[in-house]
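Me: I am new to this structure. Please show it, and then let us go through it step by step.

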Amino acid sequence: MKTIAVLTSGGDAPGMNAAVRAVVRSGIYNGCKVFGVNRGYRGLIDGDLFEMDLSSVGDIIHRGGTILKSARCLEFKTEEGRAKALNVLKVFGIDGLVVIGGDGSFQGAQKVSEMGFPAIGIPGTIDNDLAYTDYTIGFDTTLNTVIDAISKIRDTSSSHERVSIIEVMGRHCGDIALYSGLAGGAEVIIIPEAEYNEDEICKKLIQSKNRGKKHSIIMLAEGVGGAQELSEKIKEKTGIESRATILGHIQRGGSPSAFDRIIASQMGAKAVELLLEGKSSRVVGIKNNEIIDMDIHEALAIERKLNTDIYKLVDVLSI
Ligand code: ATP
């Protein structure tokens, strides 16, 4: 293994830069050349690659977003698109590819491996929706952004004695809503993985108000949808003033947390180590505080499960 390419793909996540830095620096440390690919698989098809040196990743460990930019690329889902990309990798003399992204990006990496080209995935997504790893890069920073927003909304919500519904990202995965809800002291969590009953929620809000609570916070995952509609229904059914806030893209930005920088650095170095060992079709992750690697097919086949202990705990602590 002499020449490695690295790309970031799918939705961006804080900490991707720290992972790129780790791939570049540990690659060079181990005597490799490292190329960066701009705009994910789009750049791979277009031949938008450039050689990176030690200083090209200087001053980025603390920056959100990704210096390599990210894109969604439908053409890469076609055999012709992937054949073009493989040709580009050959032309540039690349021997192995590191893909930093979410499950879609991993499916792309899996296809690359199936074409006989070594590829390793690093989990970079704020959603934390990859079951094989305890954490994905970006999730912790997003939680911190969300709990900061919850605190601010809580101030105004308690002044006006309102219910606040805060809609957060995560698509089909409720982890951002669940864990920020626990950390932010929410009363109710509404996520795609668990059934909810509107009347039960309204009852809880009324009981809370009657025992003197000045405000209540409901965390709503975007996969369930409709913060504004829910707010109107709650007002109608309980008579309590209610406001919806959709946090939106603020959740993707910001300087990565220490935790995200640490796991990104470890995972980046691990991906290079795997390529140097001649491995392919693997993803890296963190399980029980240890950096692990696993076959991509196996990792993508693991079904996500709701952490019911955490879900119940939110209910107990918001009694
Ligand atoms: P996030 O969930 O954080 O947005 P992601 O990696 O899941 O990240 P996607 O948009 O699903 O984001 O995928 C990113 C890119 O990966 C796609 O634009 C496409 O180029 C490639 N990709 C996704 N699925 C496949 C697939 N089945 N085969 C080949 N390439 C794919």
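Reply: One definition to start: Asp, Glu, Lys and Arg count as charged, Ala, Val, Leu, Ile, Met, Phe, Trp, Tyr, Cys and Pro as nonpolar, and the others, Gly among them, as polar. Note too that this is a predicted model.

Me: By class, which residues does the shell around the ligand have?
Reply: Around the ligand there are 18 residues, and Gly10, Gly11, Gly102, Gly104 and Gly108 come nearest. Glycine counts as polar. By class, the shell has three nonpolar, five charged and 10 polar residues.

Me: Which helix gives the most to the shell around the ligand?
Reply: The chain has 11 helices and 11 strands. One helix, spanning residues 103-114, supplies six residues to the shell, the most of any. That is helix α4.

Me: Why does the radius of gyration of the chain agree with a compact globule?
Reply: The chain has 319 residues. For that number, a compact globule would have a radius near 20 Å. The chain agrees because its own value is 22 Å.

Me: Which helix gives the largest share of the largest nonpolar core?
Reply: In soluble globular proteins, nonpolar side chains tend to be buried together. Here the largest nonpolar core has 88 residues, with Val23 and Leu220 among those with the most contacts inside it. Eight residues, the largest share of this core, come from residues 258-276, which form helix α9.

Me: From which domains does this core draw at least three residues each?
Reply: One is built from two segments, 3-138 + 256-301. The other covers 139-252. They are domain 1 and domain 2.

Conventions:
Residues numbered from 1 in each chain as written. Predicted model: local features only at pLDDT ≥ 70, side-chain atom pairs only at ≥ 80, totals over all residues. Helix = DSSP H or I, 4+ residues; strand = E, 2+ residues; numbered from the N terminus. Rg over C-alpha atoms; globule rule 2.2 N^0.38 Å. Near = placed C-beta within 6 Å. Core = buried A, V, L, I, M, F, W, Y, C linked by C-beta atoms within 7 Å. Buried ≥ 20, exposed ≤ 12 C-beta atoms within 10 Å, placed from the backbone. Domains from an automatic or database assignment.
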